[in-house]
Amino acid sequence: MRLRTTLADEEPQSTRSRCGAPPDGSGGPCGAAGGHAASGRFVWPPRPFVQVPDEPPDEPPAPGGPDVPRRTAGPPPARITLHEAEAAWLGVTARSWEASRRELGWLPDAPGTYCPRCGSPAGPFEADAAGCSTCRPKRLAWERCVRLGAYEGILRDAILSGKYTGWRRMCQDLGADLGRAVAAELGLASIQPDAVAICPVPTSRRRRLARGLDHTAILAREVARVTGARVAPALRRRHRPPQQGLSPEARRANVRGAFVPRLGACSQCCGRVVVLVDDVRTTGATLSAAGRALREGVRKAGDREQAVWAAVLAVATRR
Ligand SMILES: [Zn+2]
């Protein structure tokens with residue numbers, strides 16, 4: 001028995017890979033070193049080799065003629081993972097969210113460790129469904145807040161890398177974790193997925209083009225996938241200067257009137273709990289503006305009572 005490539009190649013195959021690189025994975029036109037079957041893991045395209053008998057005269061010819069290589073039983077071809085593809089083809093070398101949080105033992109905040117109304121940190125018995133000492137006097141544009149954690153450490157690093165480097169997979173992994181947190185809260189409140197609509201807090205078109213991805217839309221899709229609810233992109237956003245570095249008053253003024261309801265999608269929210277999804281809640285100015293615009297749109301679509309939740313990856317505690 002000997003190995004032969006699927007290509008009509010007359011050279012001895014024991015000394016050449018499919019692309020002509022040496023089989024020790026030391027390089028070649030296929031790409032990075034280690035990208036060959038010699039590594040045992042990274043094989044592309046699948047099944048570059050087939051095993052054929054040296055002398056097949058005693059066997060019937062293979063379908064398609066005697067020159068068609070015969071496939072025999074053997075171990076299945078190695079499959080490339082998405083993270084391997086990102087590393088090999090896109091040059092992504094940073095650690096994934098899954099790897100980072102597993103290494104550091106990071107876990108999302110458990111209910112009871114933060115205020116269920118505003119999302120701020122709260123100790124035992126410091127907050128209930130009516131809020132904490134900080135938010136009870138305030139009128140919020142949402143009734144409930146779900147979060148993964150404080151805006152610090154590896155969660156902050158992951159949010160920034162997903163948002164500003166266009167790392168779609170990072171946003172998806174974070175969104176899936178947020179979806180699990182939202183699903184747990186919906187379950188505790190006995191709310192079925194078909195009674196829920198997931199609405200991303202949108203970014204402006206100019207920022208989407210500059211960043212190369214719509215990170216809140218990715219987060220919202222993952223939350224919807226995990227919870228089983230539908231996505232209802234009920235808002236659009238007018239472009240405004242960035243919120244970073246502004247005082248709380250300036251932040252509120254900056255986003256005033258920035259969100260415009262889409263009446264078609266707002267009609268899908270009627271009678272449902274709408275979960276507004278965003279990456280970070282800092283002062284709450286952006287979420288408040290989005291929540292008010294959403295309520296206005298749903299009211300115009302014919303529903304007077306609208307339940308709104310906020311779901312954010314992180315809450316910044318320093319203001
Ligand atoms: Zn609160």
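**Figure 1. Strand β4 of this predicted model, a covered strand.** Strand β4 spans residues 196-200, and 5 of its 5 residues are buried. Here, buried means that 20 or more other C-beta atoms lie within 10 Å of a residue's own; exposed means 12 or fewer, partly exposed is in between, and the C-beta atoms are placed from the backbone. Helices (H or I, at least four residues) and strands (E, at least two) are DSSP runs, numbered from the N terminus. Look at the two faces in turn: V196, I198 and P200 are buried on one side, while A197 and C199 are buried on the other. Residues are numbered from 1 along each chain as its sequence is written. Because this is a predicted model, local features need pLDDT of at least 70, side-chain atom pairs count only at pLDDT 80 or more, and totals for chains, interfaces and linings use all residues; pLDDT is the predictor's confidence in each residue, from 0 to 100.

**Figure 2. The strand partners of β4.** Two strands count as paired if DSSP finds at least two bridges between them. With strand β8 (residues 273-281), β4 pairs in the parallel sense over 5 bridges. You can find C199 opposite L276 in β8. Strand β5 (residues 230-231) also runs parallel to β4, and 2 bridges join them. In this pairing, I198 of β4 has V231 of β5 as its bridge partner.

**Figure 3. C199 and the largest nonpolar core.** A nonpolar core is a set of buried Ala, Val, Leu, Ile, Met, Phe, Trp, Tyr and Cys residues joined through C-beta atoms within 7 Å. The largest one has 62 residues, of which I198, C199, V275, L276 and A311 touch the most other members. Strand β9 (residues 308-315) gives the most to this core, with 8 residues. Two residues are in contact if their C-beta atoms, placed from the backbone, lie within 7 Å. Leaving aside neighbours within four places in sequence, C199 has contacts that include A220, A232, C269 and L294. Its contacts also include V274, V275, L276 and V277.

**Figure 4. Helix α9, largely enclosed by the rest of the structure.** Of the 16 residues in α9, 12 are buried, so the helix is largely enclosed. Among the buried residues are A285, T286 and L287, along with L294, R295 and V298. The expected span of a helix is 1.5 Å times one less than its number of residues. For α9 (residues 285-300) this should come to 22 Å, and the end C-alpha atoms are 23 Å apart, which agrees. Just after α9, you will meet G302, with a positive phi of about 115 degrees.

**Figure 5. Helix α4 and the residue S190 that follows.** Helix α4 (residues 168-188) has 21 residues, which should span 30 Å; its end C-alpha atoms are 30 Å apart, in agreement. The buried residues of α4 include M170, C171, D173 and L174, as well as V182 and L186. S190 sits in the loop between α4 and β4. Most residues other than glycine have a negative phi. S190 has a positive phi of about 55 degrees although it is not a glycine. With 7 C-beta neighbours inside 10 Å, S190 counts as exposed.

**Figure 6. Y114 and F125 in the loop between α2 and β3.** This loop lies between α2 (97-104) and β3 (144-150), and Y114 is found in it. Y114 is buried, because 24 other C-beta atoms lie within 10 Å. Beyond its neighbours within four places in sequence, Y114 is in contact with D109, G119, S120, P121, A122 and R147. D128 is 14 residues from Y114 in sequence, with 9.5 Å between their C-alpha atoms. F125, found in the loop between α2 and β3, is exposed, with 7 other C-beta atoms within 10 Å. Phi of F125 is positive, near 65 degrees, in a residue other than glycine.

**Figure 7. The whole chain, with its confidence.** The chain has 9 helices and 9 strands, and buried residues make up 33% of its 319 residues. Among contacts with a separation of 6 or more, 70% are between residues 24 or more positions apart. The mean pLDDT is 78, and 70% of the residues reach 70 or more. Please view residues 1-40 with their confidence in mind: pLDDT stays under 50 there, and the model has 55 contacts beyond four places in sequence for them. Over residues 45-72 the pLDDT is below 50 as well, and this stretch has 28 contacts beyond near neighbours in sequence.
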